Each structure stands twice: as structure tokens, then as C-alpha cells.
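Hi everyone, thanks for coming. Today I'd like to walk you through one protein, taking it piece by piece. Have a look at it on the screen, and then we'll start in the middle.

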Amino acid sequence: MNPFPMGTGVKVWLATGHTDMRCGFPSLALRVQEVLKHDPLGGHLFCFRGRRRDLVKIIWHDGQGACLFTKKLERGRFIWPNVEGGAVAISAAQLSYLLSGIDWRAPQETWRPTRV
């Protein structure tokens with residue numbers, strides 16, 4: 001389930017590579033503006049992961065204020081793009097998979113019963 005009330009036109013961006021997880025909203029917003037070349041206050045979600053791949057931070061401006069979402073997996077790692085130096089756009093559904101620790105690039109359908 002996606003914790004963000006996303007309207008149409010809202011994009012989700014994954015910042016490639018790893019980010020210093022000591023950063024808060026101001027530092028991450030500056031990275032969005034200078035490195036990713038996007039407006040951090042434009043209503044889109046920008047996702048960053050830590051070096052160990054078990055921590056993710058998402059910044060989002062909802063029109064009223066700055067939001068910072070943090071999630072740390074107790075087991076496993078977040079699946080992240082291998083490219084460096086930019087951002088990769090994903091869908092809201094893919095974000096839900098990512099936050100659940102599921103490989104968002106190729107999610108597998110679970111077993112379904114053949115009879116009820």
C-alpha cells in the first residue's frame with residue numbers, strides 16, 4: 001500500500017547511487033534541485049537510499065509543507081537501479097513494491113488457488 005495520497009501527474013523519482021542518510025529535507029531538496037535538475041517543491045516524490053541498501057528516505061512537498069518519509073528494512077535490501085548520476089522514474093505501484101522490499105522491476109504474481 002502506498003502511504004502517499006498521489007494525484008494524477010505526480011511522478012516518483014529514484015535518485016541513483018547512494019545518499020548520505022544523515023541528510024534531512026533541506027539537504028535532500030538541494031540535491032534534487034542541483035543534481036537531479038527537478039523542483040523539490042513541485043509535488044513529486046524523490047527517493048534516496050543509503051549505502052547499505054536497507055534505508056530509504058523520500059521527500060515530498062504536498063502543497064502545504066515539506067514531508068520526509070523514512071523506512072528501514074529489518075531484513076533484506078531495497079532494489080535500486082544500477083545506473084549512476086541521475087534519477088529513474090517509476091510508477092506509484094512500483095513504489096509500493098519497492099517500499100515492501102519486493103523487486104519492483106519484475107514483480108512475481110503469487111500462487112492462486114484453482115478452486116474455491
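**A walk through the fold**

Let's begin with strand β2. Leu45, Cys47 and Arg49 point one way from this strand, while Phe46 and Phe48 point the other way, and all of them are buried. That makes β2 mostly covered, with 5 of its 5 residues buried. Before I go on, please keep in mind that this is a predicted model.

Now let's step back for the overall layout. The protein has 2 helices and 5 strands. If you follow the chain along the sequence, you meet them in the pattern β-α-β-β-β-β-α. Of the 116 residues in the protein, 37% are buried. And here is something about how the chain folds back on itself: among contacts with a separation of 6 or more, 58% are between residues 24 or more positions apart.

Next, the sheet. In what order do the 5 strands of the sheet lie? The order is β4-β3-β2-β1-β5, in an open sheet with mixed pairing. β4 and β5 are the edge strands, each pairing on one side only. From one strand to the next, the twist averages 25 degrees.

Let's look at strand β1, because it shows what mixed pairing looks like. β1 and β2 run parallel and are joined by 3 bridges. With β5, β1 pairs in the antiparallel sense, over 4 bridges. A nice residue to find on your screen is Trp13. Trp13 stands opposite Phe46 in β2, and Trp13 also stands opposite Ala89 in β5.

On to the helices. Helix α1 covers residues 25-34, and its buried residues are Phe25, Leu28, Ala29 and Val32. Why do we say that these residues line one face of the helix? Seen down the axis of α1, the buried residues fall within an arc of 100 degrees, so they line one face. If you're new to helices, here is the background: an α-helix has 3.6 residues a turn, so residues three or four places apart point the same way. As for its position, α1 lies across β1, β2, β3 and β4, and runs at about 80 degrees to β3. The cover over the buried residues of α1 includes β2, β3 and β4.

The other helix is α2, residues 92-99, where Leu95, Ser96, Leu98 and Leu99 are buried. Looking down the axis of α2, you would see its buried residues within an arc of 160 degrees, so they too line one face of their helix. Those buried residues pack against β1, β2, β3, β4 and β5. Just after α2 comes Gly101, which takes a positive phi of about 80 degrees.

So what do the buried parts add up to? As a general point, in soluble globular proteins, nonpolar side chains tend to be buried together. Here, the largest nonpolar core has 15 residues, and the ones with the most contacts inside it are Leu14, Cys47, Trp80, Leu95 and Leu98. β1, β2, β3 and α2 are the elements that give two or more residues to this core. There is also a second, separate core of 13 residues, which includes Ala15, Cys23, Leu28 and Leu55. You have already met Leu28 on the buried side of α1.

One more residue to zoom in on is His61, found in strand β3, which spans residues 55-61. Is His61 buried or exposed? Its relative accessibility is 18%, and the cut-off for buried is under 20%, so His61 counts as buried. Leaving aside residues up to four places away in sequence, His61 touches Pro40, Leu41, Gly43 and Ala66. A polar atom of the His61 side chain also lies 3.2 Å from the backbone nitrogen of Gly63.

Last stop: two loops. Lys37 is in the loop between α1 and β2. Its phi is near 60 degrees, a positive value in a residue other than glycine. Lys37 is exposed, with a relative accessible area of 64%. Arg53, in the loop between β2 and β3, also has a positive phi, near 70 degrees. At 33% relative accessibility, Arg53 counts as partly exposed.

That's the tour, so please pick a residue and go exploring. Thanks for listening!

How values were computed
Residues numbered from 1 in each chain as written. Heavy atoms only, no water. Buried < 20%, exposed > 50% of the residue type's maximum accessible area, 1.4 Å probe, protein only. Polar contact = N/O pair within 3.5 Å; in protein donor to acceptor, adjacent residues only side chain to side chain. Contact = heavy atoms within 4.5 Å. Arc of directions from axis to C-beta. Core = buried A, V, L, I, M, F, W, Y, C linked by side-chain atoms within 4.5 Å. Pairing = 2+ DSSP bridges. Axes fitted to C-alpha atoms, helices over the stretch in contact; angles between N-to-C directions.
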